[in-house]
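Trainee: Please pick one part of this structure and take me through it closely. I'm new to this, so explain the terms as you go.

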Amino acid sequence: MTGNTPAHGSRIRWGYLTFLYGSAGAVVLLTILVMVLFGYVWFMALSGPVVPQRRAVTDPRGDFTRSTGLAWPAEAQVVSAGDIWLDFVGDGEFHLVFDTDHATLEQWLAEAPPWKQQKWKRGPVSKDISWQAGFGVNGMSADPAGGGPDHKISEVEHQSVFESKQTWYVAQDRGAEWQHGQILILDLEHNRVWFSRWDY
């Protein structure tokens, strides 16, 4: 004798209910995702374009020492300093360039480099690092008006410091593929120090 037993009918009903509830859950989840996306687009439309926020570098001595652990040289003369970020997403770059005495650079090279790195490296700087550090010239840190207190480095200087074989540098990758990192470059030929910290 064949036919549907009560147990068989119960399994069919249970499977049907599971299908309905599963489908309903997927619809609810999709609806939530669409609402979140719509809310984000609406918020961005109301807030307008995201404009980088420039912060005044009022304490280059303290910023440099806190970032590198190195003492600020007595002979240091700031050439360029900039601090620019997209507050909503956290992207940005802080940079500091200054001239100092040759003896200080020689002393730093004789000591262990910052950030627990093993040794100083000879230039040129690897391209996967150099394109991240704008120094107020390239990328988001560049001043679109072509001026400002953090735009005193020429494109020629910016390019040459990364390509020079007369520099020594140390870099730290604080994330993945240098999206978050920092670099310190010692240019003994021009007695100049370059520091940049970025998050992208």
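**The sheet and its surroundings**

Mentor: Let's start with one pair of residues: Val78 sits opposite Phe98, which belongs to strand 3. Before going on, keep in mind that this is a predicted model, where local features need pLDDT of at least 70, side-chain atom pairs count only at pLDDT 80 or more, and totals for chains, interfaces and linings use all residues. Residues are numbered from 1 along each chain as its sequence is written, and side-chain values use heavy atoms, leaving out hydrogens and water.

Strands here are DSSP runs of E with at least two residues, helices are runs of H or I with at least four, and both are numbered from the N terminus. Two strands count as paired if DSSP finds at least two bridges between them. Nine bridges join strand 2 to strand 3, and the two run antiparallel. On to the next pairing: strand 2 (residues 77–86) is also antiparallel to strand 1, through two bridges. There, Arg54 stands opposite Ile84 of strand 2.

Now zoom out. The strands belong to an open sheet of seven, paired antiparallel in the order 1-2-3-7-6-5-4. Strand 1 (53–54) and strand 4 (121–122) are at the edges with a single partner strand each, so one side of each has no neighbour in the sheet.

How enclosed is strand 2? Eight of its ten residues are buried, so the rest of the structure largely encloses strand 2. Buried means under 20% relative accessible area, exposed means over 50%, and partly exposed is in between (1.4 Å probe, protein chains only).

Helix 3 (residues 102–110) lies across strand 3 (91–99), strand 5 (167–173), strand 6 (180–187) and strand 7 (192–199), at about 125° to strand 6. Contact means heavy atoms within 4.5 Å. The axes are lines fitted to C-alpha atoms, for helices over the stretch in contact, and angles run from 0 to 180 degrees between N-to-C directions.

Past that helix, look at the loop between helix 3 and strand 4, home to Trp115 and Lys116. Trp115 has a positive phi of about 60° even though it is not a glycine, and phi of Lys116 is also positive, near 60°. Trp115 counts as buried at 15% relative accessibility, whereas Lys116 is exposed at 83%. Beyond strand 4, in the loop leading to helix 4 (127–130), you'll find Pro124. A cis peptide bond joins Gly123 to Pro124, with omega about 5°.

Finally, back to the sheet for some charged side chains. A salt bridge is a side-chain nitrogen of Lys or Arg within 4 Å of a carboxyl oxygen of Asp or Glu, and the whole structure has five. Arg192 and Asp99 form one of them, at 2.6 Å from N to O. Since Arg192 lies in strand 7 and Asp99 in strand 3, the pair ties together parts 93 residues apart in sequence. Arg192 is buried at 14% relative accessible area, while Asp99 is partly exposed at 24%.

Arg192 also meets Glu157 in a salt bridge, at 3.1 Å from N to O. This pair links distant parts of the chain, with Glu157 in helix 5 (residues 155–163) and Arg192 in strand 7, 35 residues apart. Glu157 is partly exposed, at 28%.
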